Amino acid sequence: MTAKLIRKRERKAEVKARAAEPSSMFKLCRVVGCGKPARAGTGDGLDTRFCRSHSDHFARHGSAYKRSYTAEEITPYRKAALAWLEANADNLWVRNAIDRVGTLYRGAGPHVEAFRLRGLSPDDRARAAWARLRRAKIDPCRVVAAALAVEMIVRDDPQAETKAEFKRVQTAKLVHKMSSGTHKQWRSESGATELHVYPRSRGRVLRHIGRDLELSCELLIQHSSLPVVPLLRPLLA
């Protein structure tokens, strides 16, 4: 057994022991009106801020209380962002953002099947997502459009969650759907067998994908006047 594997197992056992030992220091979830104890105070985890339900919500959506935008809400912004990018294809900052996403594709390493992600670190899983996008030949312009759409909808939302982590997770969820999963089919005498595996869209993986895309598009967002999508505020309220 290698020293790295030994350290990994020891660390896992240490974290498991700490998570199982409740601490009286963390009594209540930080979400106003919740009233439940934080996970660190129940022996159900190490989260010192939120209860189990709000902790899970935070992992999935990037906010303990704000839900993710629905397809109905975000689609008009994605269409407007993509049309704007195509109309401004010669813009310096547009080209820069698209080229940087292309660099993420090229630097992602070999393609990894979705059913082989188990045991990989969140950073490696994020790179695998970029590799799946590359393999699926997803236009980098569509990826940049997703980032702009989230920036635009947050600006329009009268009850917006403006923290960077929320925007990163919302962008990453859109990109994660583009990368899809692994789909295989085998034929035999008894018929066809299909395998469809989709990676989980939550947790630290989304933070890594969102951070990568944020860095790729930050100059475009800073130096450009993004398109306006009118009459959508009632939908978001």
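What share of the contacts in the chain with a separation of 6 or more comes from residues 24 or more positions apart? The share is 64%. That value, like the others below, comes from a predicted model. The chain has 237 residues, and buried residues make up 41% of them. Its secondary structure comes to nine helices and two strands. Read along the sequence, the elements follow the pattern α-α-α-α-α-α-α-β-β-α-α.

The nonpolar interior is a convenient place to start. In soluble globular proteins, nonpolar side chains tend to be buried together. Here the largest nonpolar core has 44 residues. Within this core, the residues with the most contacts are Leu 85, Trp 130, Val 143 and Leu 148. The elements that each give two or more residues to the core are α3 (71-87), α4 (92-106), α5, α6 (140-156), α7 (164-179) and α8 (204-223). Helix α6 gives the largest share, twelve residues.

Val 143 can serve as a viewpoint inside this core, being one of the residues with the most contacts there. Leaving aside residues up to four places away in sequence, Val 143 touches Val 101, Tyr 105, Trp 130, Ile 138, Val 175, Met 178 and Leu 213. Apart from the 44-residue core lies another core, of seven residues, including Cys 34, Phe 50, Cys 51 and Ala 64.

Next comes the pair α5 and α8. Both helices give two or more residues to the largest core, and they also pack against each other, with their axes 8 Å apart and at an angle of about 60 degrees. The range for roughly perpendicular begins at 65 degrees, and α5 and α8 are therefore oblique to each other. Their crossing is right-handed. On the α5 side the contact is made by Pro 122, Asp 123, Arg 125, Ala 126, Ala 129 and Trp 130. On the α8 side it is made by Arg 204, Val 205, His 208, Ile 209, Arg 211, Asp 212 and Leu 213. Two of these residues have already appeared: Trp 130 and Leu 213 are both touched by Val 143.

The contact between α5 and α8 also includes charged residues, among them Asp 123, Arg 211 and Asp 212. Side chains of opposite charge can pair when their charged atoms come close. The count for the model comes to ten salt bridges. One of them joins the side chains of Arg 211 and Asp 212, at 3.0 Å from N to O. How exposed or buried are these two partners? Arg 211 counts as partly exposed because its relative accessibility is 33%, whereas Asp 212, at 14%, counts as buried because the limit is 20%.

Salt bridges that share partners also join Asp 123, Asp 124 and Arg 127 into one network. The side chains of Asp 123 and Arg 127 meet at 3.1 Å, N to O, and those of Asp 124 and Arg 127 meet at 2.1 Å, N to O. Asp 123 and Arg 127 both belong to helix α5 (residues 122-135) and are four residues apart, about one turn of the helix. Asp 124 and Arg 127, also in α5, are three residues apart, again about one turn. Each member of the network is partly exposed: Asp 123 has a relative accessible area of 28%, Asp 124 has 30%, and Arg 127 has 31%.

From Arg 127 the path leads to the loop between α4 and α5, where Gly 107 is found. Gly 107 and Arg 127 are 20 residues apart in sequence, and their C-alpha atoms are 8.1 Å apart in space. Gly 107 counts as exposed because its relative accessibility, 54%, is over 50%.

Another loop, the one between α5 and α6, holds Lys 137. What is the sign of phi at Lys 137? Phi is near 60 degrees there, a positive value in a residue other than glycine. With a relative accessible area of 76%, Lys 137 is exposed. The next residue in this account, Ile 138, is among those that Val 143 touches, which brings the reader back to the largest nonpolar core, where Val 143 has one of the highest places by contacts.

Terms used: Residues are numbered from 1 along each chain as its sequence is written. This is a predicted model: local features need pLDDT of at least 70, side-chain atom pairs count only at pLDDT 80 or more; totals for chains, interfaces and linings use all residues. Side-chain values use heavy atoms; hydrogens and water are left out. A salt bridge is a side-chain nitrogen of Lys or Arg within 4 Å of a carboxyl oxygen of Asp or Glu. Buried means under 20% relative accessible area, exposed over 50%, partly exposed in between (1.4 Å probe, protein chains only). A nonpolar core is a set of buried Ala, Val, Leu, Ile, Met, Phe, Trp, Tyr and Cys residues joined through side-chain atoms within 4.5 Å. Contact means heavy atoms within 4.5 Å. Axes are lines fitted to C-alpha atoms, for helices over the stretch in contact, and angles run from 0 to 180 degrees between N-to-C directions. Angles under 35 degrees count as roughly parallel, over 145 as roughly antiparallel, 65 to 115 as roughly perpendicular and the rest as oblique. A crossing is left-handed if the near helix is turned anticlockwise from the far one by less than a right angle, and right-handed if clockwise.
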